[in-house]
Amino acid sequence: MLTAGGASALRVAGREAVKIDARLSKAQARAQSSAKATSVFNQRAFMTPQSKAAAGRRPKASSTDAGSAKQEQLAGYTAEPTPQLTTNQGLQIPDNHNSLKAGVRGPTLLEDFILREKITHFDHERIPERVVHARGSGAHGFFQVYRSMSQFTCADFLQDPQQKTPVFVRFSTVAGGAGSADTVRDVRGFAVKFYTREGTYDLVGNNIPVFFIQDAMKFPDLIHSVKPEPHHAMPQAASAHDTFWDFASLMPETTHMLMWAMSDRAIPRSLRMMEGFGVHTFRFVNSNGESHFVKFHWKPKLGIHGLAWDEAQKIAGKDADFHRRDLWEAIENGDFPEWELGVQMIPQDKEHSLGFDLLDPTKLIPEEMVPVQKIGKLVLNRNPDNFFAETEQVAFHPGHVVPGIDFTNDPLLQGRLFSYTDTQISRLGGANFHELPINKGVCPFHNFQRDGMHRQSIARGQVAYEPNSLGNGQEFRVDGGSKGFQSFPDEIESPKVRRRSPSFDDHFTQARLFFNSQSAAEKEHIIAAFRFELSKLEVPAIRQRMVDNLAHVDEKLARRVAEPLGTGAPDAKAAAGRAGYRDFRISMSVEESPALSMAVAGDGSVRTRKVAILVADGMDSASLKPIREAIEHAGAQCKVVGPRLGSVLSASKRQIDIDATFVNSPSVMFDAVLVPAGKEAAEALARNGDAVHFVLEAYKHCKAICTVGEGVALLSTLGIGADAAAAPAGVVVAATPVNDLGNNSAAQEVAQAFIAAMGKHRHWDRANIDAVPA
């Protein structure tokens with residue numbers, strides 16, 4: 001039994017122990033700080049030039065920095081290489097080249113735990129890739145609202161124009177595997193993770209505002225149809241095969257999305273030059289509980305631009321990482337991609353005023369009916385430090401919302417709310433995927449979820465349930481409070497049914513709206529895309545069904561698509577007689593929407609456009625210099641391309657360094673081509689088949705081309721001479737004598753004409769491009 005004196009002595013001893021423990025803790029902290037400083041010093045000393053460069057690029061976090069909270073958090077998980085090689089437990093490894101053997105020529109011993117750890121980890125390095133959106137690229141950045149949106153939503157990150165919310169954005173293709181090419185014809189994912197002070201918010205969308213199907217029940221069927229056919233696993237990352245079009249032709253609700261997928265929207269020039277959409281209708285809810293329906297838009301500051309289909313196919317073979325490389329290099333160069341967040345808002349009581357159902361994900365709201373209000377900007381300013389840890393492990397979910405943003409009863413969205421959690425558990429190994437550094441919110445989180453695979457946090461305390469009174473000595477209960485996320489009290493209809501609303505039945509009116517809104521060139525591209533895709537089919541009946549469906553969109557479109565396919569004439573009545581067809585038409589107040597066309601997108605800027613300057617020995621460097629300077633001053637990037645690496649000698653014997661060759665950087669890698677003056681160089685390039693092909697291919701793909709003086713000889717195959725007035729659209733022929741170009745005003749005039757041609761992105765109305773043998 002403990003006496004009073006003994007208890008008192010014990011209390012004194014306890015207090016002294018606490019003091020000693022505190023002094024030890026401070027000493028340990030100082031030692032750890034010193035060790036950390038030494039460790040950092042040693043790490044810097046042994047870092048590779050690439051690692052040092054990456055560390056130098058990494059922004060220093062400050063209290064006002066956009067991504068400071070997330071950067072500081074990630075920094076705690078970031079490790080630089082050290083000069084000492086160890087096991088995962090920190091044991092130094094003396095030899096990383098030889099396993100432990102019974103004699104130098106004897107068998108390897110099971111005892112070699114270092115070998116077993118290394119091989120075992122390697123065997124488990126890969127996680128299952130995403131079933132869809134497997135091919136992705138990501139970047140860090142920030143979002144900043146322009147003005148308070150408190151009238152419409154109480155979402156904290158949409159209130160203060162001074163507040164910058166850190167984000168991570170992942171772009172992706174849908175159908176292909178992780179190793180597929182970037183430039184395939186496909187939908188692109190556009191997913192944004194906002195690390196807000198109220199929790200993580202994920203806006204998980206695409207670069208197309210509508211989708212193929214109306215109900216999540218059909219999503220597995222859609223993806224199974226577009227994936228490689230199961231009997232031979234072909235084709236990869238392509239929809240041009242029988243199973244996809246078999247499904248699409250039997251599902252008229254896909255028609256609107258098919259129009260978008262066959263347009264140039266499905267082959268973007270760059271991830272930086274494509275729109276993003278939330279696809280579904282969501283809700284904004286303000287602090288008074290008032291609701292507005294909302295559609296989200298991401299508008300790129302560089303405009304919306306696409307590739308030529310022939311170009312997209314060639315890039316896939318020349319550089320499968322074209323979009324990924326373009327995004328990475330732009331951020332590394334400080335050309336930070338930027339989008340504006342736009343919203344279309346409809347008051348709760350105006351839900352049925354548009355003539356179509358807001359809950360139908362195959363429908364969009366024309367901007368002429370409800371204008372897009374730009375409310376903030378998204379800037380991507382930092383590349384990931386590690387692709388796997390960040391871009392691959394990032395986990396999005398449309399159910400990650402914050403107070404002030406809520407769902408609607410869109411049946412496709414409702415299915416996604418289940419699916420995303422389920423797939424992340426499968427892909428990332430368990431229910432604790434939210435604890436991975438890239439997924440972890442910057443605000444504190446607390447709940448009584450415990451254990452599971454890959455648990456990283458160490459939860460203290462006796463209780464793991466609620467309500468409780470043992471956690472902090474008083475009753476803790478969360479039971480119907482007014483704070484936090486509140487679901488909008490939407491009225492629910494009854495009875496339970498397994499069928500679709502009749503308001504979803506119109507499958508063709510908005511498809512027609514989209515087609516009518518395209519320029520003449522864009523319509524031709526859509527027709528060509530349908531022809532290409534359907535020509536790949538082995539079953540003629542599927543081709544016939546598809547052109548029959550298109551007759552309900554536009555009869556001329558259907559006839560043009562059918563012409564080279566060997567089908568019968570499009571038969572709208574045949575399509576109307578098939579299962580799945582709905583004889584219903586909504587009434588639209590607009591027949592065309594210019595906002596749906598890419599023809600007038602952008603502000604004419606040439607920022608970050610890539611210009612190839614073709615050179616050979618004997619070029620005129622004096623006339624090139626002021627033209628190049630003007631192009632780069634306008635924000636474009638020039639690269640000197642020649643027959644070999646090294647350098648060429650100009651006519652004045654000046655050495656010009658070559659950045660790339662005709663073979664390793666073909667014309668499809670550039671937005672425009674400049675051929676300088678110089679008789680000897682022009683003759684040499686005209687004799688070089690690769691150089692001739694370079695220019696012809698750029699011409700075929702409707703890119704801006706500028707030739708100076710004798711450089712026009714490279715266009716002779718096209719019948720283009722030195723007459724500037726007769727030059728085709730987008731071709732600038734500077735016939736001014738070369739010796740006059742020493743006058744900078746003349747050079748500036750040439751440069752500005754070329755810049756203006758580049759500013760139009762492409763010259764799709766260029767005549768007779770089909771005759772170009774490139």
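Before I come to the loops, a word on terms: helices here are DSSP runs of H or I with at least four residues, numbered from the N terminus. With that in mind, please remember that what we are looking at is a predicted model.

Let me begin with the chain as a whole, which has 20 helices and 18 strands. Its radius of gyration is 31 Å, close to the 28 Å that the globule rule gives for 774 residues, and so the chain is as compact as a globular protein of that length. Along the principal axes, the C-alpha trace spans about 110 × 75 × 65 Å. Of the 774 residues, 49% count as buried, and of the contacts between residues at least 6 apart in sequence, 74% join residues at least 24 apart. As for charge, there are 86 positive and 89 negative side chains, with the centres of the two sets lying 5 Å apart.

Now to the backbone, and to the loop between helix 5 (219-226) and helix 6 (242-249), where Pro-235 is found. The peptide bond that leads from Met-234 into Pro-235 is cis, with omega near -10°. Ala-233 lies in that loop between helix 5 and helix 6 as well, and, although not a glycine, Ala-233 has a positive phi of about 60°; its relative accessible area of 52% makes it exposed.

The loop between helix 11 (411-428) and helix 12 (509-516) holds Pro-467, which is joined to Glu-466 by a cis peptide bond with omega of about 5°. Asp-451, also in the loop between helix 11 and helix 12, is another non-glycine residue with a positive phi, here about 65°, and at 58% relative accessibility Asp-451 counts as exposed.

Note on methods. Residues are numbered from 1 along each chain as its sequence is written. This is a predicted model: local features need pLDDT of at least 70, side-chain atom pairs count only at pLDDT 80 or more; totals for chains, interfaces and linings use all residues. Side-chain values use heavy atoms; hydrogens and water are left out. Helices (H or I, at least four residues) and strands (E, at least two) are DSSP runs, numbered from the N terminus. The radius of gyration is taken over C-alpha atoms; the globule rule is 2.2 Å times the number of residues to the power 0.38. Buried means under 20% relative accessible area, exposed over 50%, partly exposed in between (1.4 Å probe, protein chains only). Contact means heavy atoms within 4.5 Å. Lys and Arg count as positive and Asp and Glu as negative; His and the chain ends are not counted. The place of a charge is taken as NZ of Lys, CZ of Arg, CG of Asp or CD of Glu.
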